[in-house]
Amino acid sequence: MLKFCSLFSGSSGNCIFVGNGETNILIDAGVSGKKIEKALNEIGESGTSLTGILVTHEHQDHINGVGILSRRFKIPVYANEKTWEAIDREKLLGKMPAENRRVVSAGDTVNVGSMRIKSCRISHDAADPVCYTISSEGHKVGIATDMGFVSDEIKTILRGCELALVEANHDVEMLKAGKYPYQLKRRILSDSGHLSNESAAELVAMLAKHGTKRFILGHLSEENNYPKLAYEAVNSVLKIKGFDTEKDIFLRVAERDCPGDVILL
Ligand SMILES: [Zn+2]
Ligand SMILES: [Zn+2]
């Protein structure tokens, strides 16, 4: 059995739990260690049961609690070489003991306990950002946020997932009309920025066509999106493509500040 829960999601911090009982991992730990411990307890887990933390990229909303949790519970942290370099250059994680560091190459498959983890490069304004799929006991889940666009590689790696957490960062019109400075709007809309609701809908529809039945929309902008808007953008495209989101497809929007549904596969 594979247990999945988005603990925090959005520009204020991201953290996802995936566990099979024997191996339990976090994908990113972007809020304080304290908050993550509390959220883990709420879903019946704890810091001591963690086997590893996978880092997607070095932005604060993905690594805020990584150093604390890793040191407190002696948890290995997995990131690629360029991400480690960026973390070390800016001293983003405080003192990281050498024994807690694991270097994985972007695009590689590694074993973490009894899970197989595959990473894939994504286009985002960080050193070497990646998305991940996690496979265990015949189940496969995928997590893809912080990407300017959906590359063919991302589509390929996510295909066949039972569950996918996909970024639905912004509504393009809200972003354009909103109060962000022009440069920031350009950054978000660029190929190395964030995924819009429309692009998320396209990706979700493609994955649904290939058999994925559970979707969580995540990393919503607080300024340029609403949970309802993101949900409707994706739901309407799924409906047009002939999927019934009340019967065939499980579609949710991740909570920003607390654990969402615990999904058992
Ligand atoms: Zn980022
Ligand atoms: Zn982010």
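I began with burial: of the 265 residues of the protein chain, 54% count as buried. I note here that the model is predicted.

**Overall form**

I looked up the secondary structure next and found nine helices and 14 strands in the protein chain. The radius of gyration is 17 Å, close to the 18 Å that the globule rule gives for 265 residues, so the chain is as compact as a globular protein of that length. I also took the extent of the C-alpha trace, which spans about 50 × 45 × 35 Å along its principal axes.

For contacts with a separation of 6 or more, I noted that 65% are between residues 24 or more positions apart. The accessible surface comes to about 11,700 Å². Carbon and sulfur atoms hold 49% of that surface.

I then turned to charge. The protein chain has 33 positive and 35 negative charges. I compared their mean positions and found them 1 Å apart.

**Cysteines**

How many disulfides does the count come to? I found zero. Cysteine 131 is in no disulfide, and its nearest cysteine sulfur, that of cysteine 120, is 4.4 Å away. The cut-off for a disulfide is a pair of sulfur atoms within 2.5 Å. I entered cysteine 131 as buried, because its relative accessibility is 1%.

Cysteine 161 was my next entry. Its sulfur is 9.0 Å from the closest cysteine sulfur, in cysteine 131, and that is too far for a bond. Cysteine 161 has 2% relative accessibility, so I put it down as buried.

**Positive phi**

I looked up backbone angles with a general point in mind: most residues other than glycine have a negative phi. Lysine 74 is not a glycine, yet its phi is positive, about 55 degrees. I placed lysine 74 in the loop between α3 (66–73) and β5 (77–79). Is lysine 74 buried or exposed? I have it as exposed, because its relative accessibility is 67%.

Glutamate 137 is not a glycine either, and I read a positive phi of about 45 degrees for it. This residue sits in the loop between β9 (130–136) and β10 (139–144). Glutamate 137 counts as exposed, because its relative accessibility is 52% and the cut-off for exposed is over 50%.

**Asparagine 100**

I found asparagine 100 in the loop between α4 (81–89) and β6 (101–103). At 6% relative accessibility, asparagine 100 counts as buried. Which residues is asparagine 100 in contact with, leaving aside its neighbours within four places in sequence? I listed Ser70, Arg71, Lys74, Ile75, Pro76 and Val77. Lys74 in that list is the lysine I had already entered for its positive phi.

**Glycine 30**

My last residue was glycine 30, which lies in the loop between β3 (24–29) and α1 (33–42). Glycine 30 is buried, because its relative accessible area is 1% and the cut-off for buried is under 20%.

I set aside its neighbours within four places in sequence and looked up the contacts of glycine 30. They include Ser12, Gly13, Asn14 and Cys15. Ile36 is also among them, as are Gln60, Asp61, His62, Ile63, Asn64 and Gly65. I also took one distance: the C-alpha atoms of glycine 30 and histidine 59 are separated by 8.4 Å, with the two residues 29 apart along the chain.

Terms used. Residues numbered from 1 in each chain as written. Chains lettered and ligands numbered in written order. Predicted model: local features only at pLDDT ≥ 70, side-chain atom pairs only at ≥ 80, totals over all residues. Heavy atoms only, no water. Helix = DSSP H or I, 4+ residues; strand = E, 2+ residues; numbered from the N terminus. Buried < 20%, exposed > 50% of the residue type's maximum accessible area, 1.4 Å probe, protein only. Rg over C-alpha atoms; globule rule 2.2 N^0.38 Å. Contact = heavy atoms within 4.5 Å. Areas by Shrake-Rupley, 256 points an atom, 1.4 Å probe, with all protein chains shown as cover. Lys, Arg positive; Asp, Glu negative; His and termini not counted. Charge placed at Lys NZ, Arg CZ, Asp CG, Glu CD.
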